[in-house]
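Let's take a friendly walk through a protein model, stopping at a few places along the way. Keep the structure open beside you and look up each residue as we reach it.

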Amino acid sequence: GLVGESGCGKTTTCHTLVRLLPPSARILSGSIELMGENLVTKSQAEMREIRGRRIATILQDPMASLDPLFSIGDQVAEPVYYHQALRGGRLRQRVKELLTAVRIPSPETRMKNFPHQMSGGMRQRIVGAIALAGGPKVIIADEPTTNLDVTIQLQYLNLLKDLQRASGVALIFVTHNLGIVAKMCDKVAVMYAGKIVELQSVRGLFYNPRHPYTRALLDSIPKLGTKDPLYAIPGAPPDLSNLPTGCSFHPRCSRTMQRCRDEEPSEQYLGDGATTRCWLPIEEA
Ligand code: SF4
């Protein structure tokens, strides 16, 4: 899971992972490791082979991913044709299997439909079928349920989880909804102002958050059965082009001290693969 408020850099991180940044953007440092290879050093021609076959994406708005002028069957067939070199009857059979895997009823009939003839939930499932088509090792799902009704959201989350378990694909689930994180994720990275400020197991994150921002996010979740006023993190997220000095969270943090204003915190290892970026992390429970 990758979690954080709107505008903290989650989507830019996703675009970076698949090297689909706008021309003005530069990767200045770091690496993107996938199956022993560093994607930062790959050419765009190499990335075209990697995208879909090894790493695929599901975006928030399915209409941004689907072409209104092509039938559903053609759009699911394209990555199968390209990545798995299937043709004729075998290609058609594979498309039918993918539509069945994402629980599209009457797949033979639906293959002839166009995106506008389907509901939002069905369109998002079609995008899921396209993501699976190349047999990727990683799928990045960037807020895939944001535009769906709540009941359809749950169905879609269950579908993604079932597909993940059945295929063994790794899922990077991007969201600002901590309830979805609890349901979907094993390990969670919390982002603030363009940086990962905490990395924890999902259990550790909910029961023993170590970064004050994570604690504040958890405190902001409305609780049933209480008349206490709803907590909101004071202030607003910073402008990413004009970050505060030191720790970017210091103007909003209840634990701020002088060092927080002066020095940017480095990453600290907390054990068990967990990390935080804070000069005064919350004590271990
Ligand atoms: Fe708060 Fe300081 Fe930690 Fe930043 S470094 S989160 S300001 S305690």
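## Cavities inside the model

This is a predicted model, and a search of the whole structure turns up 3 cavities of 30 Å³ or more. How much space lies in the largest cavity? There is about 100 Å³ of it.

The lining of this largest cavity is made of 13 residues. Those nearest its centre are Pro-212, Cys-247, Cys-253, Cys-260 and Cys-278, so try finding these five names in your viewer. Sorted by character, the lining has 9 nonpolar residues, 3 polar ones and 1 charged one.

## The second largest cavity

Next comes the second largest cavity, with about 50 Å³ of space. Which residues line it? From the start of the numbering come Glu-5, Ser-6, Gly-7 and Cys-8, and they are joined by Tyr-192, Ala-193, Tyr-213, Pro-237, Pro-238 and Leu-240. This lining divides into 7 nonpolar, 2 polar and 1 charged.

## Helix 5 and its two sides

Now turn to helix 5, which runs over residues 88-101 and has 14 residues. From its first C-alpha to its last, helix 5 reaches 20 Å, close to the 20 Å expected at 1.5 Å a residue.

Which residues of helix 5 are buried? Look for Leu-91, Val-95, Leu-98 and Leu-99. These four residues sit on the same side of helix 5 because they cover an arc of only 100° around the axis. On the other side of helix 5 you will find Gly-89 and Arg-90, which are exposed.

What covers the buried residues of helix 5? The cover includes helix 4 (72-84), helix 6 (107-110) and helix 7 (120-133). If you follow the chain to just after helix 5, you meet Arg-103, which takes a positive phi of about 60°.

## A closer look at Ile-50

Our last stop is Ile-50, whose place is in helix 2 (residues 44-53). Is Ile-50 buried or exposed? Its relative accessibility is 5%, so Ile-50 counts as buried, since buried means under 20%.

Leaving aside neighbours within four places in sequence, Ile-50 is in contact with Leu-34, Leu-39, Lys-42 and Ile-55. You can also try a distance in your viewer: the C-alpha atoms of Ile-50 and Tyr-156 are separated by 26 Å, and the two residues are 106 residues apart along the chain.

Technical notes. Residues numbered from 1 in each chain as written. Predicted model: local features only at pLDDT ≥ 70, side-chain atom pairs only at ≥ 80, totals over all residues. Heavy atoms only, no water. Helix = DSSP H or I, 4+ residues; strand = E, 2+ residues; numbered from the N terminus. Expected span 1.5 Å × (residues − 1). Buried < 20%, exposed > 50% of the residue type's maximum accessible area, 1.4 Å probe, protein only. Arc of directions from axis to C-beta. Contact = heavy atoms within 4.5 Å. 1 Å grid on protein atoms, 1.4 Å probe; cavity = no way out; pocket = protein on both sides within 12 Å on 5 of 7 lines; lining within 4 Å. Points joined across faces, edges and corners; volume = space filled by probe spheres on them. Nonpolar A, V, L, I, M, F, W, Y, C, P; charged D, E, K, R; others polar.
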